[in-house]
Amino acid sequence: MQSSENKTVFSGVQPTGSLHIGNYLGAIKNFVDLQDNYECIYCIVDLHAITVWQDPRTLKNNIVEVAAAYLASGLDPNKVTIFVQSTVSAHSELAWIFNCVSRMGWLNRMTQFKEKSGKNRENASAGLYVYPNLMASDILLYKAGYVPVGDDQKQHLEITRDIAKKFNNDFSAHGGDKFFPIPKPLILPVASRVMSLRDGTKKMSKSDNSSMSRINLLDDNDLIRKKISKAKTDPLPLPNSQEDLRQRPEAANLINIFSSLSGIKKEEIIVKYSGKQFSEFKSDLSDVMIRELSPIRDELIRLKKDKIFIEKVLNEGRAKAEERALKVIKEVREIIGLW
Ligand code: AQP
């Protein structure tokens, strides 16, 4: 990478419940890998969380859990900025401005709104609909050059790029020309999508009603073994090739998880277990999972209790983030001609 390149990375996790291995493998593990080579800003996006109902009695606790998970997974607050979105009010201010830049047609195309609102579209919050504008604000407020994105976030980065281009263009005669950089996706080595343990075609998700569908970062070793042993598979033995996995989403998911956690290539795993029963594979998968996740879990439990330390990290992160954000929002106000 050239030194003139914009090395700011922005990403976030919603405090919407217990974090699971999908959040870890799809996001947090990658965040840790990036911290030595990029200037990383990792947010706990509580304003995104409230686009669907969150119980006020658990929201704060969930925020602490995300902060603790970031730290327990290896993020170093001396290298990265960790803070809570709602504590830097410029996120909301820029999001409003972007509500006026973004187009209805763009929002109408967002698949996440369609998925999350489902058949209950008329009753979904307006916040859920304009969620992509808030996400654009998060990224552009720090003029981030890169956003680590999983499969499910690609469309959100596209609309962020469109908003940045439209803002720069609309205000080009007023100091807005090239004001926002056009952020690029960071293609991640561990970008794999982790699917539900009950249905290999559905994303593993915090909001899935079945707790057996996911491995939470706080699950103890016995629970991990139980969930893996009960994970849905098909009646066939393990496949001989990647080709054989095409029509077998549950088998593909478990092999994918094994590979992501262990760092062993999928082909090697297939060679080792080809023709064997799932019971043996699942037992080894549980071992790998416990080996990789138990130190994180133990540290997560310890940190969750250390509220003073968590608050210190979040306060220091807020101060660093706010300093940058205020500069940008001031310039935006000037460009637009606000009072
Ligand atoms: N199953 C997954 N596989 C890979 N990556 C995943 N991520 C989430 N689920 C998977 C990634 O985790 C990051 C943070 O996600 P989030 O909490 O901000 O929102 P989400 O994607 O909506 O996560 P959930 O678990 O599905 O939460 P709910 O149920 O509340 O909607 C993101 O980078 C995401 O890609």
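Which side chain has an N or O atom 2.9 Å from an oxygen atom of the ligand? I looked this up before anything else, keeping in mind that the model is predicted.

**Entry: polar contacts of the ligand**

I found that the side chain of Thr-16 places an N or O atom 2.9 Å from a ligand oxygen. I then turned to Lys-116, where a polar atom of the side chain is 2.9 Å from an oxygen atom of the ligand. For Gly-22 I noted a backbone atom instead: an N or O atom there is 3.2 Å from a nitrogen atom of the ligand. I also recorded that the ligand on its own has 640 Å² of accessible area, of which the protein covers 93%.

**Entry: the shell around the ligand**

I located the ligand in the largest pocket. I listed 20 residues around the ligand, and the nearest are His-20, Val-194, Ser-205, Lys-206 and Ser-207. By type, I sorted the shell into 11 polar, five charged and four nonpolar residues. I next asked which element supplies the largest share of the shell. Helix H1 does, with four residues. I placed H1 at residues 21–34, and noted that strand S1, residues 8–13, also gives at least two residues to the shell.

**Entry: Ser-117**

I found Ser-117 in helix H6, which covers residues 111–117. Is Ser-117 buried or exposed? I entered Ser-117 as buried, because its relative accessibility is 7%, and buried means under 20%. I also followed its side chain, which reaches the backbone oxygen of Phe-113 at 2.6 Å.

**Entry: Cys-100**

I found Cys-100 in helix H4, residues 90–101. I entered Cys-100 as partly exposed, because its relative accessible area of 48% falls between the 20% and 50% limits. I then compared positions: Cys-100 and Phe-167 are 67 residues apart along the chain, and their C-alpha atoms are separated by 9.8 Å.

**Entry: two lysines with positive phi**

I checked phi for Lys-143 and read a value near 45 degrees, which is positive in a residue other than glycine. Lys-143 belongs to the loop between helix H7 (126–140) and strand S4 (146–148). I recorded a relative accessible area of 24% for Lys-143, so this residue is partly exposed.

I then checked Lys-178, a residue other than glycine whose phi is also positive, near 55 degrees. Where does Lys-178 lie? I traced Lys-178 to the loop between helix H8 (154–170) and strand S5 (184–186). I entered Lys-178 as exposed, because its relative accessible area is 70% and exposed means over 50%.

Key: Residues are numbered from 1 along each chain as its sequence is written. This is a predicted model: local features need pLDDT of at least 70, side-chain atom pairs count only at pLDDT 80 or more; totals for chains, interfaces and linings use all residues. Side-chain values use heavy atoms; hydrogens and water are left out. A residue is near a molecule or strand if one of its heavy atoms lies within 4 Å of it. A polar contact is a pair of N or O atoms within 3.5 Å; within protein, one must be able to donate a hydrogen and the other to accept it, and residues adjacent in sequence count only if both atoms are side-chain atoms. Accessible areas come from the Shrake-Rupley method with a 1.4 Å probe; for residues, only the protein chains shown count as cover. On a 1 Å grid over the protein atoms alone, a cavity is a set of points where a 1.4 Å probe fits but cannot get out, and a pocket is an open set with protein on both sides within 12 Å along at least five of seven lines; lining residues have an atom within 4 Å of a point. A molecule sits in a cavity or pocket if more than half of its atoms lie within 2 Å of its grid points. Ala, Val, Leu, Ile, Met, Phe, Trp, Tyr, Cys and Pro count as nonpolar, Asp, Glu, Lys and Arg as charged, and the others, Gly among them, as polar. Buried means under 20% relative accessible area, exposed over 50%, partly exposed in between (1.4 Å probe, protein chains only).
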